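Notebook open, coffee poured. Here is what I looked up today, entry by entry.

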Amino acid sequence: MTEAWALENDGQLALGPVRVKVPAKINLHLGVGPLRGDGYHELHTVYHAISLFDEVTARTGDALTLTMQGEGVGQLDLGDDNLVIRAAKALAVAAKVEPKARLHLRKSIPLAAGLAGGSADAAATLVACDALWGTQFSRADLAKIAETLGSDVPFLLFGGTALGTGRGETVSPVLARPSKWHWVVAFAEGELSTPAVFRELDRLREAGQAPAPLTSTDALLAALRQKDPEVLGAALGNDLEAAAISLHPALESTLEAGRSAGAHASLVSGSGPTCVFLASDEVHGEKIAEAVRPHARGVHLAHGPVPGARVG
C-alpha cells in the first residue's frame, strides 16, 4: 500500500456510537485480462469514488449483530456471510479482541449493481469497529485485512481516484488536477452477478463476439489531469460492458438515452447493471437524468472524486 495513504487513526476508544460514511465506486477504466490460475481475471482498472453513500453505525454490545434499513431490506442476508459481519470478525481476529458490536447499516447503494456496495460496507465496518474497539490500526493495516474480504474493499478505505491492478486489490492513488466531475447514475431493474458477467465476457471472447480489449490507461490518466469532460469522456471504457448488455439487453436503451441527451460518456458501471453518464455540470446532469429516468428504476446525481470511509 502506498505510504502516502497510511493515514493513522486517532487511537482513541469510542465511547458513543461510531458512524462511518462510505461512498460507492465506479470504474473509469476496466480492462479485463485472461483468467488466472486462482480463478480471478487479471484487471487493470481506474477506480473513482462518487457521492452516493452507505453508512455503518457501530455501538457497544454483548455480541456481534447487524440490522439494516434502505436498499436491500429483506433481500440482504444479515448473517455470517454478510460482508459487514465478515469484516468485523476479520478485524477482531487481527486485533485479538472479542467481536462484540451492534452494527446498523443504512443503505443507499443498490445490491449487485456494479457500484461495490457490499465492499463499501465492509470498508466502513473496518473503520467503525477500529474506532469502537480502539484497535489503533492504520489505514494501511486495515487495507491488508480489506484485501482478504474483496477486490474493491481496499480502495473504498481511501476513495478518491486510484489505479487498481491484480484482481483489483492492489491500489495506488492517481495524481490528477483537483477537478470535480459530475455523474448521473441510473439504477436498473434487477441485478447482475459479477461472476456471471465475467463468465459471459469469456464466452463472448471465445466466440469472437466481444470488442477488442482495453489496453493502456495512459489516455485516461492524461485526461484526469485536465478539466475537460469531453476529453475525459472519450477516454472512459469498460471491457465488461458488452457482457452486461448481453445478459441485460435493456441496458442498451438506457445508454442510448444518455448519449442522445448529450452525455460526454455513457457506460455500464463495473459489472452492471447500473449505468453512469458524464455531464458537464449539474444543469447538464439534470437534463441527462430526465432523459434516462424512463429507462431506470431510479436516478441519482453525483460528483467525484470523494474520500473513502470516514468517521462522522
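Which residues in H1 meet which residues in H2? I found Leu83, Val84, Ala87, Ala88, Leu91 and Ala92 in H1 in contact with Gly118, Ser119, Asp121, Ala122, Thr125, Leu126, Cys129, Asp130 and Trp133 in H2, where contact means heavy atoms within 4.5 Å.

A note to self on the source: this is a predicted model, where local features need pLDDT of at least 70, side-chain atom pairs count only at pLDDT 80 or more, and totals for chains, interfaces and linings use all residues. Residues are numbered from 1 along each chain as its sequence is written, and side-chain values use heavy atoms, with hydrogens and water left out.

Next I checked the geometry. H1 (residues 83-95) and H2 (residues 117-133) pack at an angle of about 40°, their axes 8 Å apart. That makes H1 oblique to H2 (angles under 35 degrees count as roughly parallel, over 145 as roughly antiparallel, 65 to 115 as roughly perpendicular and the rest as oblique).

Then I turned to the core. The largest nonpolar core (buried Ala, Val, Leu, Ile, Met, Phe, Trp, Tyr and Cys residues joined through side-chain atoms within 4.5 Å; buried is under 20% relative accessible area) has 75 residues, and Leu103, Leu115 and Leu224 touch the most other members. H2 gives this core its largest share, 11 residues.

Last, I looked at Ser108, in the loop between strand S4 (101-107) and H2. Ser108 counts as partly exposed because its relative accessibility is 35%, between the buried limit and exposed at over 50% (1.4 Å probe, protein chains only). Beyond four places in sequence, Ser108 is in contact with Leu52, Phe53, Asp54 and Glu71.

Conventions. Axes fitted to C-alpha atoms, helices over the stretch in contact; angles between N-to-C directions. Helix = DSSP H or I, 4+ residues; strand = E, 2+ residues; numbered from the N terminus.
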